[in-house]
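Trainee: I would like a close look at a single part of this model. Please take the protein surface that faces one of the strands, then work outward from there.

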Number of protein chains: 2
Amino acid sequence: MNIYDIAKKAGVSPATVSRVINNKPNISDRTYQKVQAVLKENNYIPNAIARGLVSNSMNLIGIIVDDIRNLYRSHIIYELSQLLNQHRYNTIIFDFGNQDNDLFNSLQQQQLDALIFIGSSFSTPYVTDYISKYYPATPVMMFNGLLDLPNAYSVICDEAAGMELIVEHLYRTGKKNFVYVNYSENLASQRKLAGFCKKLEEYGLAFDESRLITTTGDFEGGRDAAARLLQYSIPCDALVCGLDLIAMGAMYSLKYFGYSIPGDIAITGFDNIIYGKLSDPFLTSVDSNHKEMARVAIENLLGALRKEEAEKVVYVRPFLFCGGTS
Amino acid sequence: MNIYDIAKKAGVSPATVSRVINNKPNISDRTYQKVQAVLKENNYIPNAIARGLVSNSMNLIGIIVDDIRNLYRSHIIYELSQLLNQHRYNTIIFDFGNQDNDLFNSLQQQQLDALIFIGSSFSTPYVTDYISKYYPATPVMMFNGLLDLPNAYSVICDEAAGMELIVEHLYRTGKKNFVYVNYSENLASQRKLAGFCKKLEEYGLAFDESRLITTTGDFEGGRDAAARLLQYSIPCDALVCGLDLIAMGAMYSLKYFGYSIPGDIAITGFDNIIYGKLSDPFLTSVDSNHKEMARVAIENLLGALRKEEAEKVVYVRPFLFCGGTS
DNA sequence: CTGAAAGCGCTTACAG
DNA sequence: CTGAAAGCGCTTACAG
């Protein structure tokens, strides 16, 4: 059932049917009613591909992500999708978690109006080359990443500022012996550590390698960090963790060994996601303000799609979520 | 830059360019090389919409879900997407979490080869009507749901069997006083409760309303359940929870009040997701075997797409994950 | 207010 | 082995 069939049944031309479907002006009421009736009667839905061919757009935006199962990332995707939906865009998710699927081959199967990359893992020369070669005119939004290309835009969480908020807060509550738990060497964690160090220096507090614990970015990593903290008897009254999950693991172990939180040791996380709510009191954390980040990202991306000038790189300030673990 | 431009530059017809792009046989090596060179030189990518119009498919499958931020659901989506990718399908996610976006309007913007609904919340007369009206010939897979339509297929976790495994396991460890924590009235939770009751009866164990606690399906709900358990002094040595998150909350509170787990009270969850790993020992739970469910779902959906006979409703047996809380 | 015709960018029989 | 032509299902100037 296509537009010609409808036209025939209604006794009009396909052009007229098209006008009715798209609510174009200058249709006689009589014709309009007649066509509408035939449309309903046949449960007609216009072929989206044919429409897309004319407008050269499927109203589709690709979101490229490393692993959608990560809670923080699924929250970001949710926000981005909802905002795009409000502007009549659909989103197609390319999950690059599994290395053996060819992301770029997959991309080429669709005609995408714009691309959104989530996470700094896509800020690579390979991606830069690929985009400049095959998508030189497609607006690209790097969410928490950078890409040095005329068609690329960024919205980035200012993690350093977030860590400064944490240190400031802990310092004001009288904490002096800071230990930092790191989990990766990616850009985000580097920014976090940098903010942490900067603020410590500002307060004239000591920090060296002996106060830096590096582990995995999960609950186990937190337990591991706590174990090493105790094993090496590192003096510590404030344990600053790079991720909520790490903080939860560390807290779990420290409580087990009889430490009072935050009395003996204050603990903080980063991201302020649900993991930090699986305790009483809640975990003190930095909220990256991902809703605001998503809002800015979509606003700028839509601007770029309308060929307007948009800010190339925006840093969004996170805020402190003050739980009871500090 | 379209296929005509390439054809002109290569001095051949568009048909020949098309043959090269699609690796069709019967091309002279000379022509092939010449066209390939022009293709590379211009970083040509065929227009996916135009291709789609010919084949009447964008190789796109729509996944409709209530809220992608839910950890269990994001895991399911991950599995489904990866499997579909292997078969050259892309997936577009329609998140119906926000009621004020019009799901079905959104659907019609794309030409979808198949639809996958995740969760029993889509097993409604409204969806049935809509599908039978507008997508009578599109294969529809209900993941953990049912839809009585000739083009609809189901893969469902046999939650009742899962709960039976739990009860059997607890009974064998000597537990006698079972309390059940429910969280919803949806089909899945009904099946869970039914399995629980059935097995209890089989063992001749008592169960009545006084041993059923209904609360919310989150960590707070678990804490609430524990509080009520203590407040009403319900005799209990086995607390069976409908979800992992509930179990974690209950465990948190019971530990706080000095109960030994599983010595005094055994605790079990359902879904076997990461929440249950945020403790030591891990939470005993039922693994719905979502990987296997996804495998079967995609296998049957692909079968339906190839117009083969496929099983209409498949129940997948979950298995017990035996942690240390039981 | 309405219709005939061209065009969107491909692919695919068909003919040679 | 290659090309001319038709067709996929719409929309959109253009003409009337």
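**Around DNA strand D**

Mentor: Start with B:Ser13. One of its polar backbone atoms sits 3.1 Å from a phosphate oxygen of DNA strand D. That is a polar contact (a pair of N or O atoms within 3.5 Å; within protein, one must be able to donate a hydrogen and the other to accept it, and residues adjacent in sequence count only if both atoms are side-chain atoms). B:Thr16 uses a polar side-chain atom instead, 2.7 Å from a phosphate oxygen of the strand. Chain A reaches a phosphate too: a side-chain N or O atom of A:Asn22 is 2.9 Å from a phosphate oxygen of DNA strand D. Which elements give two or more residues to this surface? From chain A they are helix H1 (3-10), helix H2 (14-21) and helix H4 (48-55). From chain B they are helix H2 (14-21) and helix H4 (48-55). Helices (H or I, at least four residues) and strands (E, at least two) are DSSP runs, numbered from the N terminus. H4(A) gives the most, with 4 residues.

A word on the ground rules. This is a predicted model, so local features need pLDDT of at least 70 and side-chain atom pairs count only at pLDDT 80 or more, while totals for chains, interfaces and linings use all residues. Residues are numbered from 1 along each chain as its sequence is written, chains are lettered from A and ligands numbered from 1 in the order in which they are written, and side-chain values use heavy atoms, with hydrogens and water left out.

Now the whole surface. In total, 26 residues surround DNA strand D, and the closest are A:Ile3, A:Ser18, A:Tyr44, B:Arg19 and B:Thr31. Near means that a heavy atom of the residue lies within 4 Å of the strand. Of the strand's atoms within 4 Å of the protein, sugar and phosphate account for 67%. By class, the surface has 13 nonpolar, 9 polar and 4 charged residues. Here Ala, Val, Leu, Ile, Met, Phe, Trp, Tyr, Cys and Pro count as nonpolar, Asp, Glu, Lys and Arg as charged, and the others, Gly among them, as polar.

Turn to DNA strand C. It has 25 residues around it, and A:Arg19, A:Thr31, B:Ile3, B:Ser18 and B:Tyr44 come nearest. Sugar and phosphate make up 67% of the strand C atoms that come within 4 Å of the protein. Bases are reached as well. A polar side-chain atom of A:Arg19 lies 2.4 Å from a base oxygen of DNA strand C. For B:Tyr4, a polar side-chain atom is 3.0 Å from a base nitrogen. B:Arg51 goes to the backbone of the strand: a side-chain N or O atom is 3.0 Å from a phosphate oxygen. Two or more residues each come from H2 and H4 of chain A, and from helix H1 (3-10), H2 and H4 of chain B. H4(B) gives the most, with 4 residues.

Both chains face the strands, and they also meet each other. In contact (heavy atoms within 4.5 Å) are 55 residues of chain B and 55 residues of chain A. The buried area is about 5100 Å², with 56% from carbon and sulfur atoms. Buried area is the accessible area (1.4 Å probe) that two parts lose on being put together, summed over both. In chain B, the residues that lose the most area to chain A are B:Ile49, B:Arg69 and B:Tyr78, together 14% of what that side buries.

Next, the pairs across this interface. The rule finds 15 residue pairs in polar contact, both at pLDDT 80 or more. There are 2 salt bridges, a term for a side-chain nitrogen of Lys or Arg within 4 Å of a carboxyl oxygen of Asp or Glu. One of them joins B:Arg223 and A:Asp280, at 3.3 Å from N to O. On the chain B side, H5(B) gives the most, with 8 residues. That side has 23 nonpolar, 22 polar and 10 charged residues.

Finish with A:Tyr252, in helix H11 (residues 244-256) of chain A. Its contacts include A:Phe219 and A:Arg223, along with B:Lys255 and B:Leu278. The side chain of A:Tyr252 also reaches the backbone nitrogen of B:Asp280, at 2.8 Å. In sequence A:Tyr252 is 30 residues from A:Gly222, yet their C-alpha atoms are 8.4 Å apart.

Notes: Lists of a residue's contacts leave out its neighbours within four places in sequence.
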